[in-house]
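The following exercises invite the reader to examine a structure step by step. Each task is followed by a worked solution.

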Amino acid sequence: MRSITVDGSTFPCQPNETVLQTLLRENIQVPNGCRQGLCQACMIRSLDNSPPVSAQVGLKDTLNYFLACICHAQQASYDRCLTQPAGRLN
């Protein structure tokens, strides 16, 4: 089972769950809107590994940024340590 680490806290990812769903389930407030990758409100950054290209659709400067609503944690073969631009995760 994959996991997501935010500010030193690690959360397990459920099968077929997006990164956004995992964070919201764990009461991590993440800006979001459409949940389809269109509004880009849920853009976050992987601090340790490159996210799947499929989760970076429509982003101009990827630099390990990706859309949490379309990224399934199970797609990656590693765990993720995350942050949002300007410290938006809280």
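**Exercise 1.** Is C34 buried, partly exposed or exposed?

*Solution.* The structure is a predicted model, and the values below are computed from it. Begin with the location: C34 belongs to the loop between α1 and β3. Next, take the relative accessible area of C34, which is 27%. Buried requires a value under 20%, and exposed a value over 50%. C34 is therefore partly exposed. As a final step, consider a residue remote in sequence: C69 is 35 residues apart from C34, and the C-alpha atoms of the two are 8.5 Å apart in space.

**Exercise 2.** Describe the overall architecture of the protein chain.

*Solution.* First, list the elements: the protein chain has one helix and five strands. Second, place them in order along the sequence, which gives the pattern β-β-α-β-β-β. Third, turn to burial: 39% of the 90 residues count as buried. Fourth, consider the surface. The chain exposes about 4900 Å², and 48% of this area is supplied by carbon and sulfur atoms. Fifth, take the contacts between residues at least 6 apart in sequence; of these, 52% join residues at least 24 apart.

**Exercise 3.** How many salt bridges does a search of the whole structure find, and which residues do they join into one network?

*Solution.* The search finds two salt bridges. One of them is formed by the side chains of R25 and E17, with a distance of 2.9 Å from N to O. In the other, R25 meets E26, and the closest N and O atoms are 2.7 Å apart. Now compare the settings of the three residues. R25 is partly exposed, at a relative accessible area of 34%. E17, at 10%, is buried, whereas E26, at 26%, is partly exposed. The bridges share partners, and E17, R25 and E26 are thereby joined into one network.

**Exercise 4.** Characterise the surroundings of L20 in the helix.

*Solution.* Start with the position: L20 lies in helix α1, which covers residues 19-25. Its relative accessible area is 2%, so L20 is buried. To see what surrounds this residue, set aside the neighbours within four places in sequence; L20 is then in contact with V30, N32, R35, C42, A68 and C69. One of these partners can be examined further: C42 is 22 residues from L20 in sequence, while the C-alpha atoms of the pair are 7.4 Å apart in space.

**Exercise 5.** To which backbone oxygen atoms do the side chains of S46 and Q56 lie close enough for a distance to be given?

*Solution.* Take S46 first. This residue is in strand β3, residues 43-46, and counts as buried at 0% relative accessibility. A polar atom of the S46 side chain lies 2.6 Å from the backbone oxygen of N49.

Then take Q56, which is located in the loop between β3 and β4. Its relative accessibility is 12%, so Q56 counts as buried. Here a polar side-chain atom lies 2.9 Å from the backbone oxygen of Y65. Beyond the neighbours within four places in sequence, the contacts of Q56 are P51, T62, N64, Y65 and F66.

**Exercise 6.** How many aromatic pairs does a search of the whole structure find, and which residue lies over the face of Y65?

*Solution.* The search for aromatic pairs returns zero. The ring of Y65 nevertheless has a partner of another kind: R45 lies over its face, at 5.9 Å from the ring centre.

**Exercise 7.** What is the phi value of N27, and what is that of N64?

*Solution.* A general rule comes first: most residues other than glycine have a negative phi. N27 has a phi near 65°, a positive value in a residue other than glycine. For N64, phi is near 70°, again positive in a residue other than glycine. Next, locate each residue. N27 is in the loop between α1 and β3, and N64 is in the loop between β3 and β4. Lastly, assess accessibility: N27 is exposed, with a relative accessible area of 60%, while N64 counts as partly exposed at 23%.

Definitions and conventions:
Residues are numbered from 1 along each chain as its sequence is written. This is a predicted model: local features need pLDDT of at least 70, side-chain atom pairs count only at pLDDT 80 or more; totals for chains, interfaces and linings use all residues. Side-chain values use heavy atoms; hydrogens and water are left out. Helices (H or I, at least four residues) and strands (E, at least two) are DSSP runs, numbered from the N terminus. Buried means under 20% relative accessible area, exposed over 50%, partly exposed in between (1.4 Å probe, protein chains only). Contact means heavy atoms within 4.5 Å. Accessible areas come from the Shrake-Rupley method with a 1.4 Å probe; for residues, only the protein chains shown count as cover. A salt bridge is a side-chain nitrogen of Lys or Arg within 4 Å of a carboxyl oxygen of Asp or Glu. Rings of Phe, Tyr and Trp (its six-membered ring) pair if their centres lie within 6.5 Å; planes under 30 degrees apart count as stacked, over 60 as edge-to-face and the rest as tilted. A charge sits over a ring if NZ of Lys or CZ of Arg is within 6 Å of the ring centre and within 35 degrees of the ring normal. A polar contact is a pair of N or O atoms within 3.5 Å; within protein, one must be able to donate a hydrogen and the other to accept it, and residues adjacent in sequence count only if both atoms are side-chain atoms.
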